[in-house]
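Work through the exercises below with the structure open beside you. Try each task before you read its solution.

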Amino acid sequence: MLMFVVITGCAFADQPVAQTSASGNSVIFHAAVIKFLKAMGGVALSSVIIFLGLSVYNKFFVYPRLDGNSEDDVLKTPHSTEEALTFFIKKNKLK
């Protein structure tokens, strides 16, 4: 046995919905701004922590190059055969 229920007028409200005031919108905006600033503060704090951690790591665990080659020598293109041979000898430690 099936029962059918007919509901009429449910799509229309009996009383108009009250509109939110401007102060209600500003409270919501203020809360969103506070959440955003907290998130950006967390990002900034994380960036500082990572920077300090990597600085300490580089200072204590990354050893300077002991083979006599500086970063400038590695990236510099030799302009003559003499420079190329000198660089090759220094790089491969041929004496």
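A residue counts as buried under 20% relative accessible area, as exposed over 50%, and as partly exposed in between. Keep these cut-offs at hand. Note too that this is a predicted model.

**Exercise 1. Describe the fold and the confidence of the protein chain.**

Solution.
Step 1. Count the elements: the protein chain has three helices and zero strands.
Step 2. Read along the sequence: the pattern is α-α-α.
Step 3. Check the confidence: the mean pLDDT of the chain is 77. Of its residues, 59% reach 70 or more.
Step 4. Locate the extremes: confidence is highest in H1, at a mean of 91. Confidence is lowest in helix H2 (residues 71-75), at a mean of 59.

**Exercise 2. Classify phenylalanine 61 and tyrosine 57: buried, partly exposed or exposed?**

Solution.
Step 1. Place phenylalanine 61: this residue is in helix H1, which covers residues 22-61.
Step 2. Take its relative accessible area, 54%. The cut-off for exposed is over 50%. Phenylalanine 61 is therefore exposed.
Step 3. Repeat for tyrosine 57: its relative accessibility is 45%. That value lies between the 20% and 50% cut-offs, so tyrosine 57 counts as partly exposed.

**Exercise 3. Find the aromatic pairs and name their geometry.**

Solution.
Step 1. Search the whole structure: one aromatic pair turns up.
Step 2. Identify the rings: they belong to tyrosine 57 and phenylalanine 61, with centres 5.5 Å apart.
Step 3. Compare the planes: they stand at 35 degrees. Under 30 degrees would be stacked and over 60 edge-to-face, so this pair is tilted.
Step 4. Relate the pair to the helix: the two residues are four apart in H1, so about one helical turn separates them.

**Exercise 4. Which residues make the nonpolar surface patch, and how much of the whole chain is buried or exposed?**

Solution.
Step 1. List the members: Ile50, Leu54, Val56, Tyr57, Phe60, Phe61 and Val62. Together they make a patch of about 730 Å².
Step 2. Turn to the whole chain: of its 95 residues, 2% count as buried.
Step 3. Take the area: the chain exposes about 9400 Å², and carbon and sulfur atoms supply 69% of it.

**Exercise 5. Check the span of helix H3, then look at lysine 76 and lysine 93.**

Solution.
Step 1. Helix H3 (residues 81-92) has 12 residues. From its first C-alpha to its last, H3 reaches 16 Å, close to the 16 Å expected at 1.5 Å a residue.
Step 2. Just after H3, lysine 93 takes a positive phi of about 55 degrees.
Step 3. Lysine 76 sits in the loop between H2 and H3. At 51% relative accessibility, lysine 76 counts as exposed.
Step 4. Lysine 76 and phenylalanine 87 are 11 residues apart along the chain, and their C-alpha atoms are separated by 9.8 Å.

Definitions and conventions. Residues are numbered from 1 along each chain as its sequence is written. This is a predicted model: local features need pLDDT of at least 70, side-chain atom pairs count only at pLDDT 80 or more; totals for chains, interfaces and linings use all residues. Side-chain values use heavy atoms; hydrogens and water are left out. Patches are made of residues with over 30% relative accessible area and no salt bridge: like charges are joined within 9 Å, nonpolar side chains (Val, Leu, Ile, Met, Phe, Trp, Tyr) within 5 Å. Accessible areas come from the Shrake-Rupley method with a 1.4 Å probe; for residues, only the protein chains shown count as cover. A salt bridge is a side-chain nitrogen of Lys or Arg within 4 Å of a carboxyl oxygen of Asp or Glu. Buried means under 20% relative accessible area, exposed over 50%, partly exposed in between (1.4 Å probe, protein chains only). pLDDT is the predictor's confidence in each residue, from 0 to 100. The expected span of a helix is 1.5 Å times one less than its number of residues. Rings of Phe, Tyr and Trp (its six-membered ring) pair if their centres lie within 6.5 Å; planes under 30 degrees apart count as stacked, over 60 as edge-to-face and the rest as tilted.
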